[in-house]
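Open the model in your viewer and get ready to click around. We'll go from stop to stop, with something to select at each one.

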Amino acid sequence: DNSGATNNGVVNANLTLSGLTQALKERTGIPYDFVDVDPVNNADGGQPGGNIRNAYLFNPNEVRLYKPNPGSSTDNNAVLPGPSLRFNPGRIDAPPTFTSSRKPLVAQWETVDGKGNFFTVNVHWTSKGGSTSLQGDPRPPVNGGIEKRNAQANVTGSFIAQILAQDKDAAVIAAGDFNEFATVEPLERFVQISGLQDLDVLSGIPEVERYTYTFGSSQQQLDHMYVSPSVAKHVGEGDYEHVHVNTWAAEEDVASDHDPTVASLNVCSKR
């Protein structure tokens, strides 16, 4: 939020996000805008007072929210006939599934030229706090928070499945810090329920390059991107990449404990 880690009841992050978009404009010339939903104070986990949340940065010259109707910190989003969203953007909540955890932020977008309409699901599931390293003494390794992530996979996946049940050709992108490996139960369950497909597989990223995080001297992938079948059919080699700017950087040069991931996707064609 705007006051950083100071635990003073501030939840708004407009100054933080404005600073980020201004820095991007200075680097790229693109006038990015942002949208988020403020959390309830200290209710979404992370650093006390920091009020961590999911947010979107977007280029308003290219895309805009479709019929914007922002939800609040206590509004639970839902899929309506269309398909459309009860709140746009709005958070998915299902107490106690996301208690002390970031709620997925769902949005429906349209391209400015009117040719594309798509949904995005921005996630940051429960952390792996309490986990042991893959090469540590506990066998099997402890995977902290897995029960909660299983529940979050059910809720998030079911929400997406409702969109695709109304329109099997809907363009849907789910991305973020899932805090889990692709071959472990929460993400296997998420894929099965949602009907989305893994961009790592679709774009042919070599398995040795599928990492975004370092823990216990082991490169791991906690950040993922999944897309619906209508988007998946247009994905090719080179359309998706994990940019290893932090995992191999000197400590003084590290901007985050995670690497960013970028993708180029066609959300306009349903053929």
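Here is a tour of helices, rings, bends and empty spaces.

**Before you start**

This is a predicted model, where local features need pLDDT of at least 70 and side-chain atom pairs count only at pLDDT 80 or more, while totals for chains, interfaces and linings use all residues. Residues are numbered from 1 along each chain as its sequence is written, and side-chain values use heavy atoms, with hydrogens and water left out.

**Stop 1: a helix to warm up**

Select residues 14-28, which make up helix α1. Helices here are DSSP runs of H or I with at least four residues, strands are runs of E with at least two, and both are numbered from the N terminus. Helix α1 has 15 residues and spans 21 Å from its first C-alpha to its last, close to the expected 21 Å. That expected span is 1.5 Å times one less than the number of residues. Now click on Gly-29, just after α1: its phi is positive, about 80°.

**Stop 2: rings that meet**

A pair of aromatic rings is described by the distance of the centres and the angle of the planes. Rings of Phe, Tyr and Trp (its six-membered ring) pair if their centres lie within 6.5 Å; planes under 30 degrees apart are stacked, over 60 edge-to-face, and the rest tilted. By this rule there are seven aromatic pairs.

Show Tyr-56 and Trp-109 as sticks: their ring centres are 5.4 Å apart and their planes stand at 80°, so this is an edge-to-face pair. Tyr-56 belongs to strand β2 (residues 55-58) and Trp-109 to strand β7 (residues 105-111), so the pair ties together parts 53 residues apart in sequence. Are these two buried or exposed? Tyr-56 counts as buried at 10% relative accessibility, and Trp-109 is buried too, at 3%. (Buried means under 20% relative accessible area, exposed over 50%, and partly exposed in between, with a 1.4 Å probe and protein chains only.)

Next, pick Trp-125 and Phe-190, whose ring centres are 5.8 Å apart with planes at 85°, so they are edge-to-face as well. Trp-125 is in the loop between β8 (117-124) and α2 (146-166) and Phe-190 is in helix α3 (residues 185-194), so this pair ties together parts 65 residues apart in sequence. Both Trp-125 and Phe-190 are buried. Add Phe-178 and Tyr-226 to your selection, and you have one aromatic cluster of Trp-125, Phe-178, Phe-190 and Tyr-226.

One more ring: the charged end of Lys-128 sits over Phe-181, 4.5 Å from the ring centre. To count, NZ of Lys or CZ of Arg must be within 6 Å of the ring centre and within 35 degrees of the ring normal.

**Stop 3: unusual backbone**

Most residues other than glycine have a negative phi, and most peptide bonds are trans. Where can you find cis peptide bonds? Go to Gly-82 and Pro-83, joined by a cis bond with omega near -5°; Pro-83 is in the loop between β4 (79-80) and β5 (84-85). Then try Asn-88 to Pro-89, also cis, with omega near 0°. Pro-89 lies in the loop between β5 and β6 (90-91).

For positive phi outside glycine, click on Asn-51, with phi near 50°. Asn-51 is in the loop between β1 (33-36) and β2, and is buried at 3% relative accessibility. Lys-67 has a positive phi too, about 45°, but Lys-67 is exposed, at 61%.

**Stop 4: empty space**

Rolling a probe the size of a water molecule over the atoms shows where empty space is left. On a 1 Å grid over the protein atoms alone, a cavity is a set of points where a 1.4 Å probe fits but cannot get out; a pocket is an open set with protein on both sides within 12 Å along at least five of seven lines; lining residues have an atom within 4 Å of a point. Grid points are joined across faces, edges and corners, and a volume is the space filled by probe spheres set on the points.

The largest pocket has a volume of about 2300 Å³. Its lining has 50 residues, and Ala-55, Tyr-56, Leu-57, Asn-122 and Thr-261 lie nearest the centre. Strand β8 gives the largest share of that lining, six residues.

Finish at the largest cavity, about 50 Å³ in volume. Residues lining the largest cavity include Val-37, Asp-44 and Arg-53.
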